[in-house]
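Trainee: I have a model open and I am new to it. Can you show me how to read its features, one at a time?

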Amino acid sequence: MANARLDYVAPWWTYWLHNFPHFNFSFQSVDNNFKPEETSYQQSLMFLACAAAAGLGLSLLVVAVCLVCACCGRRDVDEDTKRPATCCLTWSAVVTGLIICSAVGVGFYGNSETNDGVYRLTYSLYNADHTLGGINDMVAGSLGNAQTVLKTHLDRLDEIFSTRPDYVQALRFMTLMVNNVIREMTTLPDINKANVDLSAIADQTASIEYYRWLTYLLLLILDLVICLALCLGMAKQSRWLLITIMAFALLSMILSWASLGAGTATAVGTSDFCVSPDKFIVNQTKDFLSADVAHYYLFCSPNLPNPFQKSFTICQRSLTTMQIQIQGLLQLSVPVFPTAERDLLGIQRLLNSTEFSLHQLTALLDCRGLHKDYLDALMGVCYDGVEGLLYLSLFSLLAACTLSAMLCVIFRVWTLMDSRDKVFDDIDEEDPFNPEARRMSYNPRRSNIHSFCSFTSSLGSQASLHPPPQSASNVMPPPEYMNQSMLFGGSPRYENVPLIGKGSPPPSYSPSMRTTYLSLTEAQIRHFGTDFQV
């Protein structure tokens with residue numbers, strides 16, 4: 001029988017997950033057959049979820065070690081060691097961001113696959129529930145017509161034909177045929193004995209899947225926001241932004257490990273079912289379905305006989321025989337007993353409707369419809385569903401490990417930010433190259449400081465230098481380029497001003513400018529005094 005099953009083959013990843021070790025809380029090996037009602041099997045799945053909790057503890061330990069090293073290993077960072085450390089941290093942040101983005105892509109695909117699989121499952125459950133509901137309604141309707149309405153007509157006809165033994169004998173024969181129909185109808189499976197509402201199960205499954213899909217979607221978006229915020233925080237070197245990133249990264253890491261445990265346990269349990277689903281369903285339906293009926297619907301093989309074919313044949317023959325008897329009574333008894341015509345026509349209509357219902361029932365009880373729904377449900381759960389759970393577990397593992405590394409990188413960035421602030425605090429305010437000191441030392445009323453570049457470019461040649469006389473009342477305003485630099489940069493461009501009291505111009509001067517600077521005439525030196533004297 002198993003060799004005839006060629007339409008469903010469990011995928012390889014279900015066998016791989018099925019072979020995962022199953023241990024209960026006493027560390028004893030448990031049978032990996034799908035038995036959700038047993039406590040030991042439930043403990044084996046919870047044990048797999050607890051393994052993810054161990055991974056969470058290890059990640060927290062690594063993060064704590066990184067935090068301790070960052071706090072205790074602070075040292076002064078000079079210019080030679082700062083650049084390599086900053087470059088290493090930058091590349092570490094880039095790598096962690098790329099890994100998380102890749103993991104998020106895997107997570108989106110897995111979330112979509114799982115959602116598609118659950119949708120196929122719920123759709124198949126709704127179809128199967130509709131088919132089974134139609135079977136129950138038709139069986140109940142046919143039995144009700146045969147047991148009540150049809151027998152009522154036969155009892156009235158028995159009173160009418162009491163004076164004709166031959167007609168009464170025909171009625172007795174028809175009663176026997178009705179009993180045959182009732183007996184064969186009662187042999188059909190009664191789905192109500194299962195006490196299972198497939199539609200309610202589908203509704204509950206769809207509701208759980210919606211919240212699962214939404215939770216994973218929010219977790220994926222949170223990881224993307226963390227990556228973007230990390231780039232922004234490192235670019236702006238904002239402390240409050242880094243603190244916020246650390247809090248959300250820690251939260252996302254905890255949620256990733258939790259989702260890994262739940263996803264792994266669900267994937268393993270579902271794989272245990274997918275490896276041998278027929279065995280589980282036969283065991284669950286043995287109270288109201290016989291083994292041959294269950295196998296007929298689970299396998300739907302041409303080699304398997306229809307278990308209802310005999311009942312349908314008996315019912316069809318009984319109905320046909322009753323139709324012949326009613327047709328004969330209509331022709332023979334109505335002229336003699338006109339009051340019997342109403343009941344005879346009523347029986348004829350019931351037989352027609354019962355025969356039509358029997359044809360519909362034969363089509364509904366055919367294995368192809370329910371077997372297709374069964375296969376669609378298996379494909380959705382075991383292929384799309386379990387595959388999606390594997391991708392989601394991979395996302396959770398990558399995200400959890402990468403977020404742990406990201407926290408360590410953030411701690412190191414925080415340490416370098418403290419070291420940078422300490423270096424800037426130690427800068428001498430009297431240093432002429434300190435931007436703050438140069439900003440404070442600038443006085444726009446110091447008219448004796450001229451820009452050599454603007455001086456030479458505006459006058460054209462050194463021979464035609466005729467500067468205006470200096471006076472205390474007529475103070476020369478600062479050059480135009482200084483006003484522009486104060487407007488846009490906040491500090492004047494002193495790189496265009498020669499150093500006062502030094503023997504050489506600033507390094508930004510070109511050799512030609514230095515030659516021009518050293519070739520000042522005596523008249524220019526006397527006019528400018530010692531402002532430009534080497």
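Mentor: Start with empty space inside. This is a predicted model. Rolling a probe the size of a water molecule over the atoms shows where empty space is left.

Trainee: Which residues line the largest cavity?

Mentor: Its lining is made of Asn145, Ala146, Leu150, Val178, Val181, Leu319, Met322, Leu350, Leu351 and Thr354. Four elements each give two or more residues to that lining: helix 3 (79-160), helix 4 (165-186), helix 9 and helix 10.

Trainee: What is the volume of the largest cavity?

Mentor: About 50 Å³. The count of cavities of 30 Å³ or more comes to two.

Trainee: How do the lining residues divide into nonpolar, polar and charged?

Mentor: Eight are nonpolar and two are polar. None is charged.

Trainee: Helix 9 and helix 10 both appeared in that lining. How do I describe a pair of helices?

Mentor: Two packed helices are described by the angle between their axes and the distance between the axes. Take helix 9, residues 309-332, and helix 10, residues 340-364. Their axes come within 10 Å and cross at roughly 160°. Angles over 145 degrees count as roughly antiparallel, so helix 9 is roughly antiparallel to helix 10.

Trainee: Is the crossing of helix 9 and helix 10 left-handed or right-handed?

Mentor: Left-handed.

Trainee: Which residues make the contact?

Mentor: From helix 9, they include Phe312, Cys315, Leu319, Met322 and Ile326. From helix 10, they include Leu344, Ile347, Leu351, Thr354 and Leu358. Look back at the cavity: Leu319, Met322, Leu351 and Thr354 are among its lining residues. The contact of helix 9 with helix 10 holds 13 nonpolar residues, eight polar and one charged.

Trainee: Where can I practise on another pair?

Mentor: Try helix 5 (residues 198-236) and helix 6 (residues 239-275). The axes come within 10 Å, and the crossing angle is roughly 150°. That angle makes helix 5 roughly antiparallel to helix 6. Their crossing is left-handed.

Trainee: Which residues of helix 5 and helix 6 meet?

Mentor: Helix 5 brings residues including Tyr216, Leu219, Asp223 and Ile226. Helix 6 brings residues including Leu241, Ile245, Phe248 and Ser252. By type, this contact has 13 nonpolar residues, four polar and one charged.

Trainee: What about helix 7 and helix 8? At what angle do their axes cross?

Mentor: At roughly 145°, with the axes coming within 10 Å. Helix 7 covers residues 277-284, and helix 8 covers residues 291-299. The crossing here is right-handed. Asp278, Ile281 and Val282 of helix 7 meet Ala294, His295, Leu298 and Phe299 of helix 8. Five of these contact residues are nonpolar, one is polar and one is charged.

Trainee: Now a single residue. Where does Ser199 lie?

Mentor: Ser199 lies in helix 5. For a single residue, look past its sequence neighbours. Leaving aside those within four places in sequence, Ser199 is in contact with Tyr126 and Asp129.

Trainee: What separation do the C-alpha atoms of Ser199 and Tyr126 have?

Mentor: They are separated by 5.6 Å, although Ser199 and Tyr126 are 73 residues apart along the chain.

Technical notes
Residues are numbered from 1 along each chain as its sequence is written. This is a predicted model: local features need pLDDT of at least 70, side-chain atom pairs count only at pLDDT 80 or more; totals for chains, interfaces and linings use all residues. Side-chain values use heavy atoms; hydrogens and water are left out. Axes are lines fitted to C-alpha atoms, for helices over the stretch in contact, and angles run from 0 to 180 degrees between N-to-C directions. Angles under 35 degrees count as roughly parallel, over 145 as roughly antiparallel, 65 to 115 as roughly perpendicular and the rest as oblique. A crossing is left-handed if the near helix is turned anticlockwise from the far one by less than a right angle, and right-handed if clockwise. Contact means heavy atoms within 4.5 Å. Ala, Val, Leu, Ile, Met, Phe, Trp, Tyr, Cys and Pro count as nonpolar, Asp, Glu, Lys and Arg as charged, and the others, Gly among them, as polar. On a 1 Å grid over the protein atoms alone, a cavity is a set of points where a 1.4 Å probe fits but cannot get out, and a pocket is an open set with protein on both sides within 12 Å along at least five of seven lines; lining residues have an atom within 4 Å of a point. Grid points are joined across faces, edges and corners, and a volume is the space filled by probe spheres set on the points.
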